[in-house]
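The report below follows a few local features of one model, moving from a loop residue to a helix packing and then to some backbone angles. Please keep the sequence and the structure at hand while reading.

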Amino acid sequence: MEPFSRRAFLGVAGLGVASLAAPVSAATAPAASLPSDARILTLQNLHTHEVLRVCLERGQKPGRGMCKQFSHFMRDHYNGRVGKMDPDLIVHLLRLTESLEVVGSTIKVISAYRAPSTNAMLREQGKKVAVNSLHLEGRAMDIRMDDVALKDLRDAALDLRAGGVGYYRKSNFLHFDTGRVRHW
């Protein structure tokens with residue numbers, strides 16, 4: 001499926017500003033329900049199969065309710081623990097989809113918040129996870145997009161200079177965080 005243009009997507013999204021909602025039918029969505037500067041972000045958690053849609057006006061910061069729902073959506077999929085996610089991830093992901101001109105595309109979330117016990121378990125299994133991973137602080141996520149080449153996603157994330165970017169070509173995902181600007 002090709003991504004919608006920004007204008008077409010905003011015309012049918014039907015989401016209230018600064019709200020999170022379950023998927024809605026585009027056919028029943030009134031075009032006038034969104035301000036012209038609304039930005040939409042669609043996320044799919046590959047482990048829980050949940051979909052989350054976020055809508056923010058340009059220049060607006062995520063509110064407390066949005067942050068709480070975002071944190072629940074990004075919970076540790078191994079044990080269900082919820083950590084407080086950095087709201088700047090929402091803003092940076094919106095900027096990322098805009099820079100790629102794929103507003104309306106879905107960002108697939110592989111991993112986000114990671115509880116300390118999960119991090120320890122993964123290390124014991126020989127996975128290459130950092131001892132002090134930003135996943136533990138709710139400041140990192142591992143993502144991919146079906147309709148964007150991973151190298152293009154990496155390049156766009158690097159251009160944002162919004163934090164760390166890890167390129168895992170063989171595993172087909174990109175690490176994206178709100179830490180200091182760096183890449184690997």
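Leaving aside residues up to four places away in sequence, Lys 61 touches Leu 56 and Asp 88 in this predicted model. Lys 61 belongs to the loop between strand S3 (51-57) and helix H2 (64-73), and Lys 61 is exposed, with a relative accessible area of 56%, a value that lies over the 50% cut-off for that class. From Lys 61 to Ile 90 the C-alpha to C-alpha distance is 8.9 Å, although 29 residues separate the two in sequence.

Helix H5, which spans residues 150-160, holds the buried residues Leu 150, Leu 153, Ala 156, Ala 157 and Leu 160. Because these buried residues fall within an arc of 125° when H5 is viewed down its axis, they line one face of the helix. The elements against which the buried residues of H5 pack are helix H3 (88-100), strand S5 (140-144), strand S6 (164-168) and strand S7 (173-177).

The pairing of H3 with H5 can be described further. Their axes come within 10 Å and cross at roughly 120°, which makes H3 oblique to H5, since the roughly perpendicular class runs from 65 to 115 degrees and the roughly antiparallel class begins over 145. The crossing of these two helices, H3 and H5, is right-handed. On the H3 side the contact involves His 92, Arg 95, Leu 96, Ser 99 and Leu 100, which meet Asp 152, Leu 153, Ala 156, Ala 157 and Leu 160 of H5. By class, the residues of this contact between H3 and H5 divide into six nonpolar, two polar and two charged.

Which residues take a positive phi? His 49, Glu 101 and Arg 161 are among them, and for context, most residues other than glycine have a negative phi. The table lists where each is placed.

| Residue | Phi | Place |
|---|---|---|
| His 49 | near 65° | loop between strand S2 (38-45) and S3 |
| Glu 101 | near 55° | loop between H3 and strand S4 (106-111) |
| Arg 161 | about 50° | just after H5 |

Two of these entries can also be placed by their accessibility: His 49 counts as exposed at 60% relative accessibility, and Glu 101 is exposed too, with a relative accessible area of 70%.

Terms used
Residues are numbered from 1 along each chain as its sequence is written. This is a predicted model: local features need pLDDT of at least 70, side-chain atom pairs count only at pLDDT 80 or more; totals for chains, interfaces and linings use all residues. Side-chain values use heavy atoms; hydrogens and water are left out. Buried means under 20% relative accessible area, exposed over 50%, partly exposed in between (1.4 Å probe, protein chains only). Helices (H or I, at least four residues) and strands (E, at least two) are DSSP runs, numbered from the N terminus. The arc is that of the directions from the helix axis to the C-beta atoms. Contact means heavy atoms within 4.5 Å. Axes are lines fitted to C-alpha atoms, for helices over the stretch in contact, and angles run from 0 to 180 degrees between N-to-C directions. Angles under 35 degrees count as roughly parallel, over 145 as roughly antiparallel, 65 to 115 as roughly perpendicular and the rest as oblique. A crossing is left-handed if the near helix is turned anticlockwise from the far one by less than a right angle, and right-handed if clockwise. Ala, Val, Leu, Ile, Met, Phe, Trp, Tyr, Cys and Pro count as nonpolar, Asp, Glu, Lys and Arg as charged, and the others, Gly among them, as polar.
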